Amino acid sequence: MQSRPELPVYGRDEDRPIRRHHSASYYAHRVKESLTTRVSKLVCSIFLGLLAIVGLITFILWLSLRPHRPRIFLNDFSVPALGQGIGGPENAQINFKVTARNSNQGIGVYYDASQVTVYYQEQSIGGYQVLTPFYQQPKNSTIFASMLSGSSLTVTGSQWKQMQNDRTRGPVIFRLELTSTIRFKISSWNSKRHRMHANCPVGVGQDGMILPAYMDKRCPVYFS
């Protein structure tokens, strides 16, 4: 037979469980604590929500006002005398055209000084300097174009001979570097000066003209 579970037996009043009766002040205190907790949670939620909204607005403003570097494109480059295959370095000249594009919306760019240098086998063979500072409006482009010859071109006899040898085997590779000291203008505020470098590799064919693969190509840009 299965034994039945024993039930508690209370023989005397003092053996019975004691039921506690709380006073009105106790319940009032509990209600007050509950309201305080709810109000604190509500205040924290409102504060965190406002903080998130302010952070989002700040991030959007930062994205819209953050200056972007100018975009540099190499449009044209030629060494006519190299294509003709006659003469020496004293007859050489280099023609180039570079476009600097300000893609910023509402942010202008000051160009305090600019220098264009042409390299062959990582040795400078000529340069052109823009001495006059200028201001570039937002969503605007500026063209750097010139011809290097005479004293602005420093091609040696051995370099010219090497260029001609390269021409017989394929493209002649040069590098054009545009270096500028620029400042960004946001409303009435001007940024600090940045030293900008744009490196434009370029190859010319047997006719001394820029190859299609390098024409209007965007050049890598970095600050130093």
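Begin by selecting arginine 175: its relative accessibility is 18%, so the residue counts as buried (under 20% relative accessible area, with exposed meaning over 50% and partly exposed in between, for a 1.4 Å probe and protein chains only). The model is predicted, so local features need pLDDT of at least 70 and side-chain atom pairs count only at pLDDT 80 or more, while totals for chains, interfaces and linings use all residues. Residues are numbered from 1 along each chain as its sequence is written, and side-chain values use heavy atoms, with hydrogens and water left out.

Keep arginine 175 selected and display strand β7, residues 172–186, in which this arginine lies. Strands (E, at least two residues) and helices (H or I, at least four) are DSSP runs numbered from the N terminus. Next add glutamate 122, whose side chain makes a polar contact of 3.0 Å with the side chain of arginine 175. Such a contact is a pair of N or O atoms within 3.5 Å; within protein, one must be able to donate a hydrogen and the other to accept it, and residues adjacent in sequence count only if both atoms are side-chain atoms. Beyond its neighbours within four places in sequence, arginine 175 is also in contact (heavy atoms within 4.5 Å) with residues including Thr117, Val118, Tyr119, Asn199 and Val202.

Move now to strands β3 (residues 107–120) and β4 (residues 123–130), which pair in the antiparallel sense over seven bridges; pairing requires at least two bridges found by DSSP. Select tyrosine 120 and its bridge partner in β4, glutamine 123. Two residues separate the strands of this hairpin, and glutamine 121 takes a positive phi near 50 degrees there.

For the interior, select Ile72, Phe77, Met163, Phe174 and Leu176, which touch the most other members of the largest nonpolar core, a set of 40 residues. A core of this kind consists of buried Ala, Val, Leu, Ile, Met, Phe, Trp, Tyr and Cys residues joined through side-chain atoms within 4.5 Å. Strand β7 gives the most to this core, with seven residues. Centre on methionine 163: not counting residues up to four places away in sequence, its contacts include Leu82, Tyr120, Val172 and Phe174.

Finally, show the whole protein, which has three helices and 11 strands. Of its 224 residues, 33% count as buried. Colour by pLDDT, the predictor's confidence in each residue from 0 to 100: among the elements, helix α1 (residues 24–65) has the lowest mean, 69, and strand β1 (residues 71–78) the highest, 98.
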